[in-house]
Amino acid sequence: EAAANRIAAGEVVERPCSAVKELVENAIDAQATRIEIAYADGGKTLIRVTDDGHGIAQDQLPLALSRHATSKIDGSDLLNIHTFGFRGEALPSMGAVGRLTITSRALGAESAAQIAVNGGDIEPVRPAALAKGTIVELRDLFHATPARLKFLRTDRSESQAIGDVVKRLAMAEPHIGFILRDVSGGGEGRIVFRADPCNGDLFEALHARLRTILGKEFAENSILVDAEREGMTLTGYASLPTYSRGAAVAQYLFINGRPVKDKVLIGALRAAYSDFLSRDRYPAVALFIECDPERVDVNVHPAKAEVRFREPGVARGLLVSGLRYALAGAGH
Ligand code: ADP
Ligand code: MG
């Protein structure tokens, strides 16, 4: 059965950045308004995600660590990608490959509680001090599996990958505040990325967030895209031909809120700008496609950003025509 295969196929945590992604998505799912991510040594020795979301009830803590236990969907709903990720896989996977501690206080609870798991051994729940939300700490990723540790890249490039993941998630959630710190040196550490919560409707908030992430030049040289085709919608911002890049580094694409990398969509971007940009120039975009989850399979692999459209032609047509229409409206 396909759904079971997809789960079996996946190693959820391949690198520090995949753990960061899962933990931040959990914080988003918990309706956090501020999320702080700290890491040390490229995330290899420490990843800590702190949120102010609804928390986990004390009696649910052991459940959060058991395989396939999720509070988010029932088992028949694996295609639902409005909540993220592989259902109930992330925390148990992390508990199996590192030292994981969860401290949480559920909304309205009298006190906080903590649970720890190390190499798959779950310790009893104990009382803890925390005013609100959840702190998940993952230490010494892959300490028990040196073979996998060896596959990690330098601290510098793992840190870079964490930064990219956090920026993508911050783009998709402009109303949430994000702080990313490198605490390798101990203490408060160094702020690597900071995006305060953005106000206004989604377009206003997104524009403000893109100014923070992609810069003033992009914010002032981009246009709103808002298109629809056969029930699939495209919204976001795309650069004018007057602002382009020498590499495809600033092409951020999301399907139903989830960052993706997809050949069909990237090819469509190129096609949309083909009249304006030479082959060595790339537009910068932050574009969000929304469609019925049935029309796209984003769970091809849990840790990868690949997708499979049921009707690739519709997605491509939406991008090309939506972008050309927006560019034409801006006089191009
Ligand atoms: P999933 O997100 O697919 O449900 P996870 O293994 O990532 O699976 O998390 C297991 C469960 O733990 C979630 O369903 C949720 O109930 C709870 N949980 C995890 N992280 C948080 C968090 N930051 N805030 C509140 N609940 C959380
Ligand atoms: Mg999760």
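Q: Which residues of α4 are called buried, and what makes them so?
A: In α4, the residues A90, L91, P92, S93, M94, G95 and V97 are buried. The word applies because each has 20 or more other C-beta atoms within 10 Å of its own. The model is a predicted one, and the values discussed here are computed from it.

Q: Why is helix α4 described as largely enclosed?
A: Helix α4 spans residues 90-97, and seven of its eight residues are buried, so the rest of the structure largely encloses it.

Q: What do the buried residues of α4 pack against?
A: They pack against two helices, α2 (16-29) and α3 (61-64), and against the strands β3, β4 (112-118) and β7.

Q: Why is strand β1 also called largely enclosed?
A: Strand β1 covers residues 34-40, and five of its seven residues are buried, so it is largely enclosed by the rest of the structure.

Q: How do you know that β1 pairs with β8, and in which sense do they run?
A: Pairing needs at least two bridges, and β1 and β8 (residues 177-182) are joined by six, with the strands running parallel. They therefore count as paired. Within β8, F178 stands opposite I35.

Q: What joins β1 to β2, and in which sense do they run?
A: Six bridges again, but here β1 and β2 (residues 46-51) run antiparallel. One of the matched pairs is E36 with its bridge partner T50 in β2. The hairpin of these two strands has five residues between them, and D41 there takes a positive phi near 50 degrees.

Q: Which strands pair with β7, and how do you know?
A: Two of them are β2 and β3. Six bridges join β2 to β7 (residues 133-139), which run antiparallel, and β3 (residues 99-105) pairs with β7 in the antiparallel sense over seven bridges. Both counts meet the requirement of at least two bridges, so both are pairings. R139 of β7 links the two stories: L46 stands opposite R139, and R99 stands opposite R139 too.

Q: What makes D140 stand out, and is it buried or exposed?
A: Phi of D140 is near 55 degrees, which is a positive value in a residue other than glycine. D140 sits in the loop between β7 and α5 (146-151). With 16 other C-beta atoms within 10 Å, D140 falls between the 12 that would make it exposed and the 20 that would make it buried, so it is partly exposed.

Q: Why is N256 classed as it is?
A: N256 has 20 C-beta neighbours inside 10 Å, and 20 or more is what the term asks for, so N256 counts as buried. Its place is in the loop between β12 and β13, and phi of N256 is positive as well, near 50 degrees.

Q: Which strands of the five-stranded sheet are called edge strands, and why?
A: The open sheet has the order β10-β11-β14-β12-β13, with mixed pairing. β10 (222-229) and β13 (258-260) stand at the edges because each has a single partner strand, so one side of each lacks a neighbour in the sheet. From one strand to the next, the twist averages 20 degrees.

Q: How many bridges link β10 to β11?
A: Eight bridges, with β10 and β11 (residues 232-239) paired in the antiparallel sense. Among the bridge partners are E228 and, in β11, T233.

Q: Which helix lies across β12, β13 and β14?
A: Helix α6 (residues 155-172) lies across β12 (251-255), β13 and β14 (285-290), and runs at about 60 degrees to β12.

Q: Why is F203 described as it is, buried or exposed?
A: F203 has 14 C-beta neighbours inside 10 Å, between the limits of 12 and 20, so it counts as partly exposed. F203 belongs to helix α7 (residues 202-214). Its C-alpha atom is separated by 11 Å from that of L287, which is 84 residues away along the chain.

Q: How is the packing of α9 and α10 described, and why?
A: Helices α9 (residues 263-272) and α10 (residues 312-329) pack at an angle of about 30 degrees, with their axes 9 Å apart. Angles under 35 degrees count as roughly parallel, so α9 is roughly parallel to α10. The crossing of α9 past α10 is right-handed. On α9 the contact includes V264, L265 and A268, and on α10 it includes P312, A315 and R316. By class, this contact has 11 nonpolar residues, two charged ones and no polar ones.

Definitions and conventions. Residues are numbered from 1 along each chain as its sequence is written. Chains are lettered from A and ligands numbered from 1 in the order in which they are written. This is a predicted model: local features need pLDDT of at least 70, side-chain atom pairs count only at pLDDT 80 or more; totals for chains, interfaces and linings use all residues. Axes are lines fitted to C-alpha atoms, for helices over the stretch in contact, and angles run from 0 to 180 degrees between N-to-C directions. Helices (H or I, at least four residues) and strands (E, at least two) are DSSP runs, numbered from the N terminus. Angles under 35 degrees count as roughly parallel, over 145 as roughly antiparallel, 65 to 115 as roughly perpendicular and the rest as oblique. A crossing is left-handed if the near helix is turned anticlockwise from the far one by less than a right angle, and right-handed if clockwise. Two residues are in contact if their C-beta atoms, placed from the backbone, lie within 7 Å. Ala, Val, Leu, Ile, Met, Phe, Trp, Tyr, Cys and Pro count as nonpolar, Asp, Glu, Lys and Arg as charged, and the others, Gly among them, as polar.
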